[in-house]
Amino acid sequence: MLQRLLTYLIVFTAGGAICALAQILVVKTKLTPARILVIFLVAGIIMQAVGLYERIHNVLRAGISVPIVGFGAALARGANQYAEQHGFIGAFAGGLAITAFGIGIAVVSSYIATLLFRAKSK
């Protein structure tokens, strides 16, 4: 029980730290949210490429894999995996093949949200 609570605390703290870093970048810099998103995505790709992501993931678990950093690492992992199996063309298909389930869920969830709620322009 104590181990599970410690895991939750680590995951929550890691995810919160990533969100806090993004908020600091929004407030203190002139970076747009889209650029910050790309920075985090590329950070995940780089961490996966140099072998750092797995070590961090073993400690932080979902705290690092759920945010966009984890998506970037999954894209890189898939591209590398499929490139080894299928050659050069596999590098392009691999990232999408590995992340397709999550992308599909996001699209369906977004569609359901648009049916249930009405967006209002500012």
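In the next few minutes I will go through the fold of this protein, two of its helices, a pair of aromatic rings and the largest pocket.

I should say at the outset that what we have on the screen is a predicted model. The protein has six helices and zero strands, so that, read from the N terminus, its elements run α-α-α-α-α-α. Along the principal axes, the C-alpha atoms fill a box of roughly 45 × 40 × 35 Å. Of the 122 residues, 21% count as buried, and the accessible surface comes to about 9,100 Å², with 71% of that surface belonging to carbon and sulfur atoms. If we take the contacts with a separation of 6 or more, 46% of them are made by residues 24 or more positions apart.

Let me begin with helix H1, which covers residues 2-28 and has 27 residues. From its first C-alpha to its last it reaches 38 Å, which is close to the 39 Å expected at 1.5 Å a residue. The buried residues of H1 are Ala14, Gly15, Ile18, Ala22 and Leu25, and they pack against helix H2 (33-49), helix H3 (52-60) and helix H4 (62-65).

Helix H5, residues 68-86, can be treated in the same manner. Its 19 residues should span 27 Å at 1.5 Å a residue, and since its end C-alpha atoms are 26 Å apart, the two values agree. Which residues of H5 are buried? They are Val69, Gly70, Gly72, Ala73, Ala74, Ala76, Gly78 and Ala79, and the partners against which the buried residues of H5 pack are H2, H3, H4 and H6. Just after H5 comes Gly87, which takes a positive phi of about 85°.

That brings us to helix H6, residues 88-116, and to its aromatic residues Phe88 and Phe92. The count of aromatic pairs in the model comes to one. The ring centres of Phe88 and Phe92 lie 5.3 Å apart, and because their planes stand at 80°, where anything over 60 counts as edge-to-face, this pair is edge-to-face. Why are these two residues about one helical turn apart? Phe88 and Phe92 are separated by about one turn because they are four residues apart in H6. As a general point, an α-helix has 3.6 residues a turn, so residues three or four places apart point the same way. Both Phe88 and Phe92 are exposed.

Further along H6 we find Thr99, which, in contrast to an exposed residue, has a relative accessibility of 7% and therefore counts as buried, the cut-off being under 20%. Leaving aside residues up to four places away in sequence, Thr99 touches Phe71, Ala74 and Leu75.

Thr99 is also one of the residues that line the largest pocket, and so I will finish there. The volume of this pocket is about 160 Å³. Its lining is made up of Tyr53, His57, Ser65, Val66, Pro67, Gly70, Phe71, Ala74, Arg77, Ile98 and Thr99. The elements giving two or more residues to that lining are H3, H5 and H6, and H5 supplies the largest share, namely four residues. Phe71 and Ala74, which Thr99 touches, are likewise among the lining residues, while Gly70 and Ala74 also belong to the buried residues of H5.

Note on methods:
Residues numbered from 1 in each chain as written. Predicted model: local features only at pLDDT ≥ 70, side-chain atom pairs only at ≥ 80, totals over all residues. Heavy atoms only, no water. Expected span 1.5 Å × (residues − 1). Buried < 20%, exposed > 50% of the residue type's maximum accessible area, 1.4 Å probe, protein only. Contact = heavy atoms within 4.5 Å. Areas by Shrake-Rupley, 256 points an atom, 1.4 Å probe, with all protein chains shown as cover. Phe/Tyr/Trp six-rings, centres within 6.5 Å; stacked < 30°, edge-to-face > 60°. 1 Å grid on protein atoms, 1.4 Å probe; cavity = no way out; pocket = protein on both sides within 12 Å on 5 of 7 lines; lining within 4 Å. Points joined across faces, edges and corners; volume = space filled by probe spheres on them.
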